Amino acid sequence: MGAIQPCELPPGALLCKYQQGGAWADGYFTEVARNISLAEFVEAFYTTPLFKVERRLLSLFASKPSTDVQARQLAAGDLDSFAAWNVEARSANQLLMADFQGRTRSWLMVASPNGSGDESTRLYFGSAIIPVVNARTGTQATGLLFRSLLGFHNGYSRSLLAAAKSRLEHKPR
């Protein structure tokens, strides 16, 4: 199975409405050589050692603690908030989360590669940054801080998806 690849958002992606509405959005995908449910992907994603670092920072600096148990509850659909995010939308194969400030979105999706239905799963991860409207000019902008961190964000997104993929590939069936 291949590496982490950037991609256009697939048709029907819950994140599309933000991209179409003028927000900055990205998407990445990879494939795993077995069928993976959305619940498995969500749990794996939010419980990787790499994401636990982010969770710890959110707990320390934003007073938004979270646990692996809560990640499992989120994955199962039994929890509508997790760390700094709230569930905005959920379908059988997608989860869209909004941060507590309403400025970012995180999106996870599972799909059969090219609709093949074979024993593999395409894992998607993407983000959206909602522009802020300048009250004086009426223009929308993502801001200097975001633009300066874009390179880090791209690498971090790839690393998060790679960590989830690795966890799923090494998980007993």
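**Exercise 1.** Which side chain meets lysine 17 in a salt bridge?

*Solution.* The model is predicted. Start from lysine 17: its side chain meets that of glutamate 88, at 3.2 Å, N to O. A salt bridge requires the nitrogen to lie within 4 Å of the carboxyl oxygen, so the pair qualifies. Next, place the partners. Lysine 17 sits in helix H1 (residues 16–20) and glutamate 88 in strand E4 (residues 85–90). The two are 71 residues apart, so the bridge links distant parts of the chain. Then check exposure: glutamate 88 has a relative accessible area of 29%, so it is partly exposed. Finally, extend the pair. Lys17, Glu88 and Arg105 are linked in a network of salt bridges.

**Exercise 2.** Is arginine 34 buried or exposed?

*Solution.* Take its relative accessibility: 8%. Buried means under 20%, so arginine 34 counts as buried. Now find its partner. Arginine 34 forms a salt bridge with glutamate 40, with the closest N and O atoms 3.4 Å apart.

**Exercise 3.** Locate the partner of aspartate 68 in a salt bridge, and classify both residues by exposure.

*Solution.* The partner is lysine 52, at 2.9 Å, N to O. Aspartate 68 belongs to helix H4 (residues 68–76), lysine 52 to helix H3, 16 residues apart. Aspartate 68 has a relative accessible area of 23%; lysine 52 has 33%. Both values fall between 20% and 50%, so both residues are partly exposed.

**Exercise 4.** Describe the lining of the largest pocket.

*Solution.* Begin with volume: about 1,000 Å³. Of the 34 lining residues, those closest to the centre are Glu54, Thr104, Ile129, Leu149 and His153. By class, the lining has 22 nonpolar, 8 polar and 4 charged residues. H5 gives the largest share, 9 residues.

How values were computed. Residues numbered from 1 in each chain as written. Predicted model: local features only at pLDDT ≥ 70, side-chain atom pairs only at ≥ 80, totals over all residues. Heavy atoms only, no water. 1 Å grid on protein atoms, 1.4 Å probe; cavity = no way out; pocket = protein on both sides within 12 Å on 5 of 7 lines; lining within 4 Å. Points joined across faces, edges and corners; volume = space filled by probe spheres on them. Helix = DSSP H or I, 4+ residues; strand = E, 2+ residues; numbered from the N terminus. Nonpolar A, V, L, I, M, F, W, Y, C, P; charged D, E, K, R; others polar. Buried < 20%, exposed > 50% of the residue type's maximum accessible area, 1.4 Å probe, protein only.
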